[in-house]
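Trainee: I'd like to zoom in on just one part and get a feel for how it's put together. Could you walk me through it slowly?

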Amino acid sequence: MRPVYIAGVGIHKFGRFDDKPYTQMGLEAATMALADAKMPWSDVELAYCARMYLPATSGVKILGQLGRTGISIVDIEAACASGGAALVQACMAIASGAKDTALVLGVEKMPRGFMDPRQLYEDWQIKTGLSQNPIPWAIRARRHMHEHGTTAEQIAKISVKNHRNSVHNPNAMYQKEFSLEQVLNSPLVNDPINLFSICAPNEGAAAVVLCSGDVAAKYTDAPIEVAGCAHKVALYTHFSVPLYTVSARVENPHVTQLTCGEVYEAAGIGPEDIDVLEVQDTDAFCELEAYEHIGLCPIGEGGRLIDDGTVAIGGSKPVNTSGGLISKGEPVGASHLGQIHEIVSQLRGTAGARQVEGAKVGLAHVIGAGGNCAVTVLKR
Amino acid sequence: MLTANGQYATIRDDFFSTREGPLADIRLAGTICNACGEPSLGTVPACQNCQSPDLRPATLSREGELFSYTVVRNRPPGDYKGPDNPFVPFPVGLVELPEGIRVLSVLDCALDEPRVGMAIVLDVYELYRNEEGAPVLSYRFRPATPSTNSEEQR
């Protein structure tokens with residue numbers, strides 16, 4: 001297998017754009033990524049479109065606007081990990097030598113409020129009311145508090161950190177600081193998770209242009225290497241939407257641990273080598289749990305990393321410098337590629353007030369329904 | 001009132017040990033894997049743990065322990081059949097049964113009553129009436145010992 005490089009990235013701001021069709025948002029992100037890569041659309045040999053809530057052949061409808069070049073364009077869905085699943089496919093095509101270039105687009109235009117439960121749940125789960133997406137995270141959070149002494153304040157501090165970072169990110173939906181009191185006093189959604197510690201489904205797009213080392217010099221003098229990229233589905237029994245039972249007898253590694261393990265091996269690195277991270281923060285507890293599963297600290301000690309500043313900009317492992325999904329919102333098809341956009345900006349040194357000085361290695365992580373998880377490690 | 005064939009309607013028939021007789025006698029049902037012993041709620045085509053198709057039917061215990069919990073503060077989306085207009089917030093728990101399975105369930109108790117580790121017991125109840133006016137049964141759990149003094153907790 002040969003190395004894969006990122007030649008360009010593009011993003012359409014995440015937020016609410018009532019009068020703008022997804023075809024336009026996706027086109028803007030793709031065009032920006034191609035311009036960043038200095039690659040004409042006619043050079044692209046393969047394209048994937050990650051999306052969950054959009055109609056059939058969304059990728060063709062968006063990218064076809066650039067002209068019909070006859071290449072394969074395939075839509076990919078893997079819930080919150082859709083962008084990562086699409087990126088894996090494109091990387092495999094280039095790493096194998098089958099293709100030299102690929103474009104991966106993520107785009108979403110989601111309904112407001114709770115997502116349509118019929119996408120994820122059986123009828124009986126909806127009728128009984130066991131169909132709210134934060135329930136598994138909330139139940140995991142309560143158990144974490146019970147077993148490890150994690151506090152509501154520690155969870156809320158993660159939201160405060162992410163909102164503070166978002167102030168400097170023009171692509172975030174909310175660019176506003178909130179105090180610890182404001183977060184803790186926001187209405188409870190599923191205890192202990194409250195409104196200001198949870199991400200909103202929304203709209204947006206992001207795109208990545210990939211190439212092989214053979215052609216990289218043609219497009220960019222500062223390629224970013226995709227050192228590892230994997231998508232996995234959780235083993236029995238990881239408690240996530242839409243599961244309604246969990247084993248009390250069998251304990252397997254968490255899907256984030258398994259996916260990180262695969263990527264660390266491919267990249268020849270460990271968590272100690274990572275300079276900057278974008279991780280899934282469906283809610284603030286989800287991010288705390290990710291610290292532990294990514295290997296930034298032992299299981300049960302996630303709360304310490306927010307208390308001692310490790311995960312803040314200026315700390316040794318800054319997490320969600322972009323503001324995270326809590327600030328950006330989560331357009332599920334686009335979320336992982338939006339993370340890639342942020343990590344690439346960090347590794348290029350163009351992240352402005354959010355810049356992590358000297359960042360050389362970055363990690364992006366998403367996890368969601370069905371136990372879908374994707375992790376990408378980038379190196380400059 | 002039962003359905004035409006003399007059995008109760010349920011939210012998912014394979015979750016229940018019987019659809020006849022007193023509700024207090026109905027238990028949760030599932031399977032146990034003959035290869036690895038892993039239990040499941042309802043029928044499954046293969047063991048989710050070891051993939052074996054060699055499964056035997058099982059009736060699950062009525063009594064369990066609360067592993068963790070939360071509260072549903074807002075009306076769940078879609079065709080929710082619990083108390084509505086106005087919606088009433090309700091606790092939800094992950095209930096550990098002695099067979100080695102944790103089941104997600106509505107909890108029939110005050111919002112501030114759940115505690116990790118508390119003893120709880122199955123309650124098969126009428127969730128709603130279907131279009132024919134027949135009761136549709138669901139399951140939930142409630143504290144084995146009802147609390148007499150519960151304070152609202154954060």
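Mentor: Sure, start with Ser247(A): its bridge partner in E7(B) is Ile101(B). Bear in mind that this is a predicted model, in which local features need pLDDT of at least 70 and side-chain atom pairs count only at pLDDT 80 or more, while totals for chains, interfaces and linings use all residues. Residues are numbered from 1 along each chain as its sequence is written, and chains are lettered from A and ligands numbered from 1 in the order in which they are written.

Ser247(A) belongs to strand E9 of chain A, residues 245-247. This strand pairs with E7(B) in the antiparallel sense over three bridges (strands pair if DSSP finds at least two bridges between them; strands, E, of at least two residues and helices, H or I, of at least four are DSSP runs, numbered from the N terminus).

Now step back to the whole contact between the chains. Chain B puts in 36 residues, and chain A puts in 31 residues (in contact means C-beta atoms, placed from the backbone, within 7 Å). On chain B's side, the elements giving two or more residues are strand E3 (39-41), strand E5 (63-72), strand E6 (90-97) and strand E7 (101-106). E5(B) supplies the largest share of that side, with six residues.

Follow the chain between two of those strands and you'll meet Pro86(B), which sits in the loop between E5 and E6 of chain B. What kind of peptide bond runs from Asn85(B) to Pro86(B)? That bond is cis, and its omega is near 0 degrees. Chain A has a cis bond too, from Asp191(A) to Pro192(A), with omega about 5 degrees. There, Pro192(A) lies in the loop between strand E5 (188-190) and strand E6 (193-194) of chain A.

Next, pick up E3(B) again, one of the strands that touch chain A. E3(B) is part of an open sheet of three strands in chain B, ordered E3-E2-E4 and paired antiparallel. E3 and strand E4 (55-59) of chain B are at the edges with a single partner strand each, so one side of each has no neighbour in the sheet.

Look inside that sheet and you'll find strand E2 of chain B, residues 29-33, joined to E4(B) by five bridges, with the strands running antiparallel. To spot this pairing on screen, find Thr31(B), whose bridge partner in E4(B) is Pro57(B).

Technical notes: Two residues are in contact if their C-beta atoms, placed from the backbone, lie within 7 Å.
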